[in-house]
Amino acid sequence: MTDSVSDGKGISHLVSARKSLMLILDKSRGLATALDRAGPSFSEVNQRLPSLESTVRPIRADKDALLAVGGHINRAVGPAAAVLKVFDAVHGLEKMLLSDPRNDLPGYLSVSKRLEEALRFLGENCGLAIQWLEDMVEYLGDNEMADSRYLSSLKKSLQGFGDFRSDVQGTQLDGGLLNAALDMLESEFRGLLTENSVPLPMSSSSSPSEQPCIAPPPLPVSVIQKLQAILGRLIANKRLERCISIYVEVRSSNVRASLHALNLDYLEISISEFNDAQSIEGYITQWGKHLEFAVKHLFEAEYKLCNDVFERFGLDVWMGCFARIAAQAGILAFLQFGKTVTESKKDPIKLLKLLDLFTSLNRLRLDFNRLFGGAACAEIQNLTRELIKRVIDGASEIFWELLVQVELQRQLPPPVDGCGPKLVSFMTDYCNRLLGDNYRSILVQVLVIHQSWKHEKFQERLLVSEILKIISAIELNLETWMKAYENHTLACFFMMNNHWHLFKHLKGSKLGELLGDSWLREHEQSKDYFMTLFLKESWGQLPSYLSREGLILFSGGRATARDLVKKRLKNFNEAFDSMYSRQSTWVILEKDMREKTCQHIVQTVVPVYRSFMQNYGPLVEKDQSSSKYAKYTVQNMESILASLFQPKPARYGSFKGRQLSGKFDSGLPVVRRPASVVM
């Protein structure tokens, strides 16, 4: 509204100034005509005296003086007449320039260019015309050739026009018509961009690679040509920054709309919203896919389009435009999420997630260098370098810390249920993953880079050596924990569990190949050895309670035999119940190992019990207290023994701690290192 009022005032001043200038010119022309004809045709003067009387009344000079001043007047009137002609031409362009540019964009641009040229002419010549007229008035005054009041009136008119010209500084000599035309061109520029910027029809239910269209359609050549033509006129009038702002606003909004359907809310997660890498583990996989999609398709398309539209205006212009689009469209949010992951609490799973981050960034390294390598993308470059450094430093630190953490677990007591510690299952699976195809080469690359920053060399054998040290530390932990058991039977059970786990889970794996067949056979044999000891020291003791000694040769009568059978069954039942009660809390996680162990126990106990009951059971079965002695049927006993060593709900060993991931759960408790060990 304010702009409209100021434009109205400008036009009003312009009309007033034009009328004053026309009046001056009319009077000057009349004065020149009178002077030219005064001498040679006095009779003509007499004839036209009535019509010229008003014009020449201010003249106060003789004939010779008037002849001399005629040339000065003509030279002053010429430039002023030319200026007036251009003013009239500008007024004639108004109708076209206030119409919609879309109706005839080439014509509109041509007319706007003519307006610019006219204003340039006016800006260069208005001052000259005024100066000529002022000089003429001054000459008349100095030579007392006209009435002083008349000359004073002329001076005021010229001064008023000069003051108006100074106020508008030559930019609104058209009454604001050019600015109005440029505003309409800006509006058309925005409209063309908006109409041809359509977000991709993305679906949050599928990954970017599964989308039906993975790249935005390019702008038609005709649209790009129109944008460039409009830019030419706007830039010529110092509106480059406004054009760039419009372009960045429209195109960055279009990219954000394409990404919005992918549900990128996780990018805004703060460090206070999660405790470890596991809580955002699923997001990290999405992050890699979404980042690759954004860079290779959306930002790649914007990079090319910026070049197409702004190329003729210079590299700095279109690269700066692209940098602003990338920043506003979301690339900074992707990098910030990566930084948040690096700031999460340290644990082994975090190493894998950092390697995932590095894999994604490394896969896009060439694209990042090409798209964001210019000076205009300095902020993106700095954040990317910082993120890569954080990833490499964090991953290297955790890797070299693994051995120390395994050694620290040795201080803890062994599991009371004889189950394999989570440390064993977690670290063996974990080392397998580090040696697998998905991580080994990436981990080596990360460690090589980290060592190079310290001007040290890293060879792949150091990775192998470190993992072998970890496995050796685990074996030493097992031996230490076995010795910590007061119950030797439970110690054997514990070692049987762990030797079987090492053999079963490492056979045929990357880690198993590294350790070798002899190492695996050694653990298989150790499992058999400790199983034999476990059975011998526990369930293997029960058959002795059902000895037939004294019963076969006993001749003391049926009642005496019955008492002896009762005594032996009673002792057997007590030993069986005691054994079952102790071992009912013990756990074997591996189903095949659990079934095999239970089968060995059944084979050790049940056949002896069955035979004893078949031969001597009738002696007590008809007794009123038979249930105290014939306590178990064979089938019942088999069922009881087969139910041993079952994992307890939500419990997988006695090492308790936070879960690290769905697949790998070390359950490692927090053990503080001595002050001498530096993180």
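Which residues in α6 meet which residues in α8? The first close-up of this predicted model takes up that question.

**Figure 1. Helix α6 meets helix α8.** Helix α6 covers residues 177-195, and helix α8 covers residues 240-260. From α6 come Asp-183, Glu-186, Phe-189, Arg-190, Leu-193 and Thr-194. From α8 come Arg-242, Cys-243, Ile-246, Tyr-247, Glu-249, Val-250 and Arg-251. Sorted by class, the contact of α6 with α8 has six nonpolar, one polar and six charged residues. The two axes come within 10 Å of each other and cross at roughly 25°. Angles under 35 degrees count as roughly parallel, so α6 is roughly parallel to α8. The crossing of this pair is right-handed.

**Figure 2. Leu-219 sits in a loop and is buried.** The loop in this view runs between α6 and α7, and α7 spans 221-236. How buried or exposed is Leu-219? Its relative accessibility is 7%, so Leu-219 counts as buried. Setting aside residues up to four places away in sequence, Leu-219 touches Leu-193, Asn-196, Ile-224, Leu-227, Arg-251 and Leu-305. Two of these names appeared in Figure 1: Leu-193 belongs to the α6 side of that contact, and Arg-251 to the α8 side. Asp-308 is 89 residues from Leu-219 along the chain, yet the C-alpha atoms of Leu-219 and Asp-308 are separated by 9.5 Å.

**Figure 3. Lys-238 and Asn-263 have positive phi values.** Neither residue is a glycine. Lys-238 has a phi of about 60°. Lys-238 lies in the loop between α7 and α8. Asn-263 has a phi near 60°. Asn-263 lies in the loop between α8 and α9, where α9 spans 281-310. Buried, partly exposed or exposed: which word fits Lys-238? Lys-238 is exposed, with a relative accessible area of 81%. Asn-263 counts as partly exposed, at 45% relative accessibility.

**Figure 4. Leu-355 is a buried residue of helix α12.** Helix α12 is made of residues 348-363. Leu-355 has a relative accessibility of 0%, so Leu-355 counts as buried. Which residues does Leu-355 contact, leaving aside neighbours within four places in sequence? They are Ala-395, Leu-434, Tyr-439, Ile-442, Leu-443 and Val-446. Asn-438 is 83 residues from Leu-355 along the chain. The C-alpha atoms of Leu-355 and Asn-438 are separated by 9.5 Å.

**Figure 5. Helix α18 crosses helix α22.** Helix α18 holds residues 488-506, and helix α22 holds residues 591-616. At what angle do the axes of α18 and α22 cross? The angle is roughly 135°, and the axes come within 10 Å. The two helices are therefore oblique to each other. The crossing of α18 and α22 is right-handed. In α18, the contact residues are Met-496, Trp-500 and Lys-504. They meet Asp-592, Met-593 and Thr-597 in α22. These contact residues divide into three nonpolar, one polar and two charged.

**Figure 6. Asn-573 is buried in helix α21.** Helix α21 runs over residues 558-583. Asn-573 has a relative accessible area of 3%, so Asn-573 is buried. Which residues does Asn-573 contact, apart from its neighbours within four places in sequence? They are Lys-628, Tyr-629, Lys-631 and Tyr-632.

**Figure 7. Two cysteines, Cys-419 and Cys-598, are buried.** Cys-419 has a relative accessibility of 1%, so Cys-419 counts as buried. Cys-598 is buried too, with a relative accessible area of 5%. How many disulfides does the structure hold? The count is zero.

**Figure 8. The whole chain has 25 helices and zero strands.** This view sets the close-ups in context. The chain has 679 residues, and 46% of them count as buried. Now take the contacts in the chain with a separation of 6 or more. What share of them comes from residues 24 or more positions apart? The share is 83%. Individual pairs appear in the earlier views. Leu-355 in α12, for instance, touches Val-446, and Leu-219 touches Leu-305.

Definitions and conventions
Residues are numbered from 1 along each chain as its sequence is written. This is a predicted model: local features need pLDDT of at least 70, side-chain atom pairs count only at pLDDT 80 or more; totals for chains, interfaces and linings use all residues. Side-chain values use heavy atoms; hydrogens and water are left out. Axes are lines fitted to C-alpha atoms, for helices over the stretch in contact, and angles run from 0 to 180 degrees between N-to-C directions. Helices (H or I, at least four residues) and strands (E, at least two) are DSSP runs, numbered from the N terminus. Angles under 35 degrees count as roughly parallel, over 145 as roughly antiparallel, 65 to 115 as roughly perpendicular and the rest as oblique. A crossing is left-handed if the near helix is turned anticlockwise from the far one by less than a right angle, and right-handed if clockwise. Contact means heavy atoms within 4.5 Å. Ala, Val, Leu, Ile, Met, Phe, Trp, Tyr, Cys and Pro count as nonpolar, Asp, Glu, Lys and Arg as charged, and the others, Gly among them, as polar. A disulfide is a pair of cysteine sulfur atoms within 2.5 Å. Buried means under 20% relative accessible area, exposed over 50%, partly exposed in between (1.4 Å probe, protein chains only).
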